[in-house]
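Student: I would like a close look at a single part of this structure, followed outward into its surroundings. Please take it slowly, and give the criteria behind each term.

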Amino acid sequence: MEEAAAAPNCLAGVRVLDLTQFEAGPTCTEVMAQLGAEVVKVENPRGGEPGRILGTGPKPGADAYYFMIYNANKKSVTVNLKSERGLALLKEMAKRADVFVENFAPCWPEFDIEKHTGVKISKGIYQQDIVETDTCPYIFYGYSVNADGLVSSCFLDWGRKLVIGDVRTQSMKSIWNSDAMNALRLQHLDGRRKQNQVCGNCGQLSHCLPDNIDAHRPMLLEKFKSRVVIDPDLEPPGGTNRRFAAVAAE
Ligand code: SF4
């Protein structure tokens with residue numbers, strides 16, 4: 001029984017250089033750490049990995065539980081990747097590592113990860129070319145129910161700016177068919193994504209897109225309009241992209 005419960009340690013002696021952040025990357029290196037690897041997490045000296053402040057922790061100012069779950073059993077060091085000295089140090093560390101893991105992707109709306117980390121991102125998360133797209137496919141697949149019952153149009157709405165309903169007071173079907181959700185869909189199908197303060201600044205569509213549905217936009221728009229009755233002037237969630245509004249007004 002005790003033997004079965006013990007960590008297998010099959011990665012003992014393996015050194016992992018970990019430049020991951022948030023969730024997907026840290027989950028990968030967390031499993032490596034649990035299997036006995038020596039995982040050295042490299043973080044930004046100005047506040048560390050952004051996941052450290054996502055949500056609540058055991059006390060004010062402490063790391064968030066979110067961060068703890070994905071980063072237990074790891075070593076941590078801060079390196080300024082914007083400085084020559086920091087880059088040289090990182091390259092030296094890479095020479096001594098067996099595995100290098102990173103997951104830099106500017107997918108979070110309104111969060112400039114290149115500015116935050118100093119890392120220039122030239123490829124998408126699937127190593128695809130980075131292309132701008134008009135239409136978000138996620139809002140046609142599903143939505144996200146947050147822990148407090150509020151429903152967001154997508155899983156990236158950590159700022160609760162794309163709220164389309166509340167499961168405590170509404171049925172899931174009515175939220176799926178709500179004016180708020182449909183107004184957002186119409187905005188995207190109309191090619192007006194950039195007008196949205198949140199969606200217009202979302203890197204998911206350029207760097208992490210699973211499906212590019214832009215080519216089908218005219219057909220989808222036609223079908224949408226034949227089935228959904230909605231006030232075309234209804235303001236979708238997300239607010240107005242002030243940068244876009246300023247350019248449009250010029
Ligand atoms: S474009 Fe908007 S709805 Fe789509 S993933 Fe980004 S923030 Fe979410």
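Which residue in β4 does leucine 17 stand opposite?

Tutor: Leucine 17 stands opposite phenylalanine 100 in β4. Before going further, note that this is a predicted model, in which local features need pLDDT of at least 70 and side-chain atom pairs count only at pLDDT 80 or more, while totals for chains, interfaces and linings use all residues. Residues are numbered from 1 along each chain as its sequence is written.

The strands and helices named here are DSSP runs, numbered from the N terminus, with H or I and at least four residues for a helix, and E and at least two residues for a strand. Two strands are said to pair if DSSP finds at least two bridges between them. Strand β1 (residues 15-19) pairs with strand β4 (residues 99-102) in the parallel sense over four bridges. Four bridges also join β1 to strand β2 (residues 38-43), and these two strands again run parallel; here the bridge partner of leucine 17 in β2 is valine 40. Leucine 17 therefore has a partner in β4, phenylalanine 100, and a partner in β2, valine 40, in keeping with the rule that strands of a sheet pair through backbone hydrogen bonds, either parallel or antiparallel.

As for its environment, β1 is largely enclosed by the rest of the structure, because four of its five residues are buried. Buried means that 20 or more other C-beta atoms lie within 10 Å of the residue's own, exposed means 12 or fewer, and partly exposed is in between, with C-beta atoms placed from the backbone.

The connection onward from β1 leads through helix α2 (residues 24-34) to β2, and the three elements make a right-handed β-α-β unit; right-handed means that, with the strands pointing away from the viewer, the path from the first strand over the helix to the second runs clockwise. In the loop between α2 and β2 lies alanine 37, which is buried because it has 23 other C-beta atoms within 10 Å. Leaving aside neighbours within four places in sequence, alanine 37 is in contact (C-beta atoms, placed from the backbone, within 7 Å) with Leu11, Val14, Val16 and Met32. Alanine 37 and valine 99 are 62 residues apart in sequence, yet their C-alpha atoms are 9.9 Å apart in space.

Beyond β2, the pairing continues with strand β3 (residues 75-78), which joins β2 in the parallel sense over four bridges, with lysine 41 opposite serine 76. The chain crosses from β2 to β3 through helix α3 (residues 65-71), and this β-α-β crossover is right-handed as well.

Turning to the packing of side chains, the largest nonpolar core has 21 residues, of which Ile139, Tyr143, Cys154, Ile164, Ile175, Met181 and Cys202 touch the most other members; a nonpolar core is a set of buried Ala, Val, Leu, Ile, Met, Phe, Trp, Tyr and Cys residues joined through C-beta atoms within 7 Å. Helix α8 (residues 179-189) gives the most to this core, with five residues. Apart from it lies another core, of eight residues, and Leu17 is among them, together with Val16, Ala33 and Val39.

A separate set of strands offers a contrast in pairing sense: three strands form an open sheet in the order β5-β6-β7, and here the pairing is antiparallel. Because β5 (144-145) and β7 (163-166) stand at the edges, each with a single partner strand, one side of each is left without a neighbour in the sheet. Two bridges join β5 to strand β6 (residues 150-152), and serine 144 stands opposite serine 152.

To place these parts in the whole, the chain has 11 helices and seven strands, and its C-alpha trace spans about 60 × 50 × 35 Å along its principal axes. Of its 250 residues, 26% count as buried. Residues 24 or more positions apart account for 64% of the contacts with a separation of 6 or more.

Methods:
Contact = placed C-beta atoms within 7 Å.
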